[in-house]
Amino acid sequence: TLSAAAVSVTPSNDTSASEDEKEVSKEDQSLLQKLLRSKLVQAKTDIEILRKDPNSPLHSVKSFEALKLKPELLKGVYAMGFNAPSKIQETALPALLAEPPVNMIAQSQSGTGKTAAFVLTMLSRVDISQNYPQCLCLAPTYELALQIGEVTEKMAKFMEDLKIRYAVRGGERVTRDEQLTEHIIIGTPGTVMDWGLKLRAIRLEKIKVFVLDEADVMISMQGHQDQSTRIQKKLSSSCQMLLFSATYDQTVMQFAQKIIPGDPVIIRLRREEESLDNIKQYYIECNSKEEKFQALCNIYGTISIGQAMIFCHTKKTASWLAEKMTAEHHTVGLLSGELTIEQRAAIIKRFRDGKEKVLITTNVSARGIDVEMVTVVVNFDLPVTLDYKPDCETYLHRIGRTGRFGKSGLAVNMVDGPRSMAILKAIEKHFGRKIERLDADDLDEIE
Ligand code: ADP
């Protein structure tokens, strides 16, 4: 039988994507998601509690009042427009705020309310009358630390004397013998280690709440795991230790269990599975890039397309296609690897706001972004891994939809020659769903 992994093709004469574009790092993907995030991702799946102390059963809350927060903190939460706790917050917050404090490992996809949950915990436990660092939050990068700081500042809007300090490279320096007086420190592992272990400007043993955010990104970065562990070792045994991650796999969990001692509560919110139900999948056979473009024009001439995302393998093809489509009077956005994160976020935002009808992107630059409202996806080139194997996971992520967006969708795959046909067949077999053939010159079959 033909399994997806068994099919491998060699690159065509087009530049290979691996040379063409740099892989987007996990920390950049994470930042991009944060920059794009406008609201809470509503989760449909149920919380799983993987381990808990049977003596302290977890309960959940349906309102922020039920948490008995300091009035100025509750006011801050409401001022952010939060009416009720998110799915993960319902279960996490009562445990996070419990006395005596419990340690926690929590996993849920980006956008489900983790940051808000731990920021609330830090603000709830901090004693503003005491001018020394009481809460410490580690993030993978400077930019991600700033994002957390922004949330903290917003939520602490009515906690007037609260002070935050960023422990990041390139930030404000600490001099020898200086003792920090800010209440909350948010920083990257390297700088926090310098300030805490070397300069002793932060008395780590006096920290009451320790948060390690984006553990999955953290472990992908050189040295961060080690540095975080060294910091954690200096904390007192009464410090509340919390770890958050967007993904849940063995390496993250091993690290989590190592760095969060005791018998932490582990909560997990599974991502809703994407599926190809309700998606019409087609393929069109072409002989060249030009023919693919012609087929695309025919599709536009045949059906009315709201917004479409078009995936190309290389940035050369992507910009070629963008030019051709622009010449045909389509409003096109082009995402490619050389853009900065901010530029990418701006382009995606424009597309999301409907300012552009077409978003053309390379495989690499599309990684980590969700544009779920798109109903038409065109694989101008089929998704392949770096070693040119069919990339079924990426295919599903591009085309599949979750129950929330149960709308039907349309996927058109452009096939040019036996190699890409083999990839298409492998994808079809992998999902066990027929990909129907369309005649490029007669698209009446398309729905
Ligand atoms: P995560 O850390 O899991 O990525 P965030 O805490 O950053 O998620 O929350 C994602 C988005 O949802 C943010 O825009 C945040 O302001 C918003 N949000 C968080 N909690 C709530 C809530 N309880 N009600 C409404 N919006 C919320």
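Helices (H or I, at least four residues) and strands (E, at least two) are DSSP runs, numbered from the N terminus. This is a predicted model, in which local features need pLDDT of at least 70, side-chain atom pairs count only at pLDDT 80 or more, and totals for chains, interfaces and linings use all residues. Residues are numbered from 1 along each chain as its sequence is written.

**Annotated regions**

From residue 95 to 266 the chain is 36% helix and 16% strand, with end C-alpha atoms 11 Å apart. UniProt lists these residues, 95–266, as "domain: Helicase ATP-binding" in an unreviewed entry. Another UniProt annotation (unreviewed entry), "domain: DEAD-box RNA helicase Q", covers residues 62–90. Residues 62–90 are 45% helix and 0% strand, and their end C-alpha atoms lie 6 Å apart. UniProt positions are given in the numbering used here, feature names are shortened, and annotations may be inferred rather than shown by experiment.

**The whole protein**

The protein has 16 helices and 15 strands. Its radius of gyration (taken over C-alpha atoms) is 25 Å, close to the 22 Å that the globule rule (2.2 Å times the number of residues to the power 0.38) gives for 447 residues, so the protein is as compact as a globular protein of that length. Along the principal axes, the C-alpha atoms fill a box of roughly 75 × 45 × 45 Å. Of the 447 residues, 43% count as buried. A residue is buried if 20 or more other C-beta atoms lie within 10 Å of its own, exposed if 12 or fewer, and partly exposed in between, with C-beta atoms placed from the backbone. Among contacts with a separation of 6 or more, 79% are between residues 24 or more positions apart; two residues are in contact if their C-beta atoms, placed from the backbone, lie within 7 Å.

**Two helices**

In helix H2 (residues 26–36), the buried residues are Lys 26, Glu 27, Asp 28, Ser 30, Leu 31, Leu 32 and Lys 34. They pack against helix H6 (142–155), helix H8 (215–218) and helix H13 (341–352).

Helix H9 (residues 224–233) has His 224, Gln 227, Ser 228, Ile 231 and Gln 232 buried. Seen down the axis of H9, these residues fall within an arc of 135 degrees (the arc of the directions from the helix axis to the C-beta atoms), so they line one face of the helix. The face turned away from the buried side of H9 carries the exposed residues Asp 226 and Lys 233. The cover over the buried residues of H9 includes strand S3 (135–138), helix H7 (189–198), strand S6 (209–212), H8 and helix H10 (250–259).

**Loop residues**

Glu 205 is in the loop between H7 and S6 and counts as exposed, with 12 C-beta neighbours inside 10 Å. Leaving out residues up to four places away in sequence, Glu 205 touches Lys 234, Leu 235 and Ser 236.

A cis peptide bond joins Glu 99 and Pro 100, with omega about -10 degrees. Pro 100 is in the loop between helix H4 (87–96) and strand S2 (104–107).

Two residues that are not glycine have a positive phi:

| Residue | Phi | Loop between | Other C-beta atoms within 10 Å |
|---|---|---|---|
| Asn 278 | about 65 degrees | strand S8 (265–269) and strand S9 (279–285) | 13 atoms, partly exposed |
| Tyr 388 | about 60 degrees | strand S13 (376–379) and helix H15 (392–399) | 19 atoms, partly exposed |
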